[in-house]
Every structure is written in structure tokens, then in C-alpha cells.
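Trainee: I am new to this structure, and I would like a close look at a single part of it. Please choose one place to start from, and go through its surroundings slowly.

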Amino acid sequence: MKMILSIINHDDAPTVIHNLTKEGFQVTKLATTGGFLKAGNTTILVGVNDEKVDTVLGIISKHSRSRSQLLPTTEMGSGGVYSSMPVEVMVGGATCFVLNIERMEKA
């Protein structure tokens with residue numbers, strides 16, 4: 001058995017979760033915050049048998065899209081803080097971890 005831990009963009013979460021549950025997978029959703037942009041993410045947990053890992057990863061990949069976003073930047077100058085040109089960064093997609101599960105129980 002495996003636990004798939006997937007960090008996805010908050011905007012993609014409803015579609016990913018809908019498609020996973022439509023295919024019969026049980027999903028636990030956690031609201032999380034990303035590091036670099038400090039933006040809202042969603043972390044989903046899916047426990048599956050080994051042979052279903054590729055199916056789950058395929059659904060997550062299909063419905064987690066990358067997109068560009070402008071990131072405002074600031075600089076410290078002799079006159080204080082001022083804005084400079086925004087930087088375009090890629091956000092979205094999914095980061096997935098597949099973990100071995102030694103034992104699972106429902107209480």
C-alpha cells in the first residue's frame with residue numbers, strides 16, 4: 001500500500017479532487033501555504049494499493065496545470081523601499097510524494 005501526498009495549486013484543487021473521487025479514490029484535503037510565493041496551496045492525501053499509484057498520479061498530473069504569475073519585487077534604496085519591475089515566475093503543477101505504508105487501520 002502507498003500514501004500519495006500531493007501539493008497542488010489552490011486553484012486546481014477542486015478539479016483534481018473531483019476527478020479523483022469520480023474514479024473511486026478517497027481523498028483527504030489539507031489547506032497549506034507554499035514557501036516561495038507564500039500562496040495558498042492544497043495538500044491532498046490518497047491511500048492506494050500499489051497498482052493504482054500510476055492512475056492517481058495521472059489524474060493529478062492531468063488536472064494540475066502550470067501557469068505564469070507576475071511577482072512584485074521591492075528593493076531597499078537610500079531613500080527607503082521602492083518597487084521595481086515585477087518578475088514572471090511559473091506556479092502550479094503538482095509536487096507528489098509516494099510513501100510506503102507499513103500498516104493501515106480504520107478506527
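Mentor: Before we start, one term needs fixing: two residues are in contact when heavy atoms of theirs lie within 4.5 Å of each other. With that in hand, and keeping in mind that this is a predicted model, we can say that residues 24 or more positions apart account for 66% of the contacts in the protein chain with a separation of 6 or more. The part I would choose is the open sheet built from four strands, which stand in the order β2-β3-β1-β8 and pair in antiparallel fashion. The edges of this sheet are taken by β2 (28–33) and β8, and because each of them has a single partner strand, one side of each is left without a neighbour in the sheet. Neighbouring strands here are turned by 20° against each other on average, if direction is ignored.

To place the sheet in its setting, consider the whole chain for a moment. The protein chain has two helices and eight strands, and along the sequence they follow the pattern β-α-β-β-α-β-β-β-β-β. Of its 107 residues, 27% count as buried, while the accessible surface of the chain comes to about 7400 Å², with 53% of that belonging to carbon and sulfur atoms.

Now let us go through the pairings, for which some background helps: strands of a sheet pair through backbone hydrogen bonds, and they may do so either parallel or antiparallel. Between β1 (residues 2–9) and β3 (residues 40–48), which run antiparallel, there are eight bridges. Along this pairing, Ile-4 stands opposite Val-46 in β3, the bridge partner of Ile-7 in β3 is Thr-43, and Ile-8 stands opposite Thr-42 in β3. Strand β1 is also joined to β8, again antiparallel, by seven bridges, and in this pairing Leu-5 stands opposite Phe-97 in β8. On the other side of β3, six bridges join β2 to β3, and these two strands run antiparallel as well; Thr-28, for instance, stands opposite Leu-45 in β3.

Both helices meet these strands. Helix α1 (residues 13–22) lies across β1, β2 and β3, and it runs at about 15° to β3. Helix α2 (residues 53–63), for its part, packs on the sheet and touches β1, β3 and β8, with a direction that makes about 5° with that of β1. One residue of helix α2 is Ser-61, which counts as exposed because its relative accessible area is 53%, the limit for that word being over 50%. The C-alpha atoms of Ser-61 and Cys-96 are separated by 9.5 Å, although the two residues are 35 residues apart along the chain.

Within strand β1, Lys-2 deserves a slower look. Which residues does Lys-2 touch, not counting those up to four places away in sequence? They are Val-46, Gly-47, Val-48, Asp-50, Val-53, Val-98, Leu-99, Asn-100 and Ile-101. Lys-2 is buried and yet has no salt bridge, since the nearest side chain of opposite charge, that of Asp-50, is 4.3 Å away, and a salt bridge would need the nitrogen and the carboxyl oxygen to be within 4 Å.

The contact with Ile-101 brings us to the segment after β8 (94–100), where Ile-101 has its place. Leaving aside residues up to four places away in sequence, Ile-101 touches Met-1, Lys-2 and Met-3. Its relative accessible area is 27%, so Ile-101 is partly exposed. Ile-101 and Gly-47 lie 54 residues apart in sequence, but from C-alpha to C-alpha they are 8.6 Å apart in space.

One last pair of residues belongs with the remark on charge. In general, side chains of opposite charge can pair when their charged atoms come close. The structure holds one salt bridge, and it is formed by Glu-105 and Arg-103, whose closest N and O atoms are 2.1 Å apart. Glu-105 is exposed, and Arg-103 is exposed too, whereas Lys-2, which has no salt bridge, is buried.

Key. Residues are numbered from 1 along each chain as its sequence is written. This is a predicted model: local features need pLDDT of at least 70, side-chain atom pairs count only at pLDDT 80 or more; totals for chains, interfaces and linings use all residues. Side-chain values use heavy atoms; hydrogens and water are left out. Buried means under 20% relative accessible area, exposed over 50%, partly exposed in between (1.4 Å probe, protein chains only). Two strands pair if DSSP finds at least two bridges between them. Axes are lines fitted to C-alpha atoms, for helices over the stretch in contact, and angles run from 0 to 180 degrees between N-to-C directions. Accessible areas come from the Shrake-Rupley method with a 1.4 Å probe; for residues, only the protein chains shown count as cover. Lys and Arg count as positive and Asp and Glu as negative; His and the chain ends are not counted.
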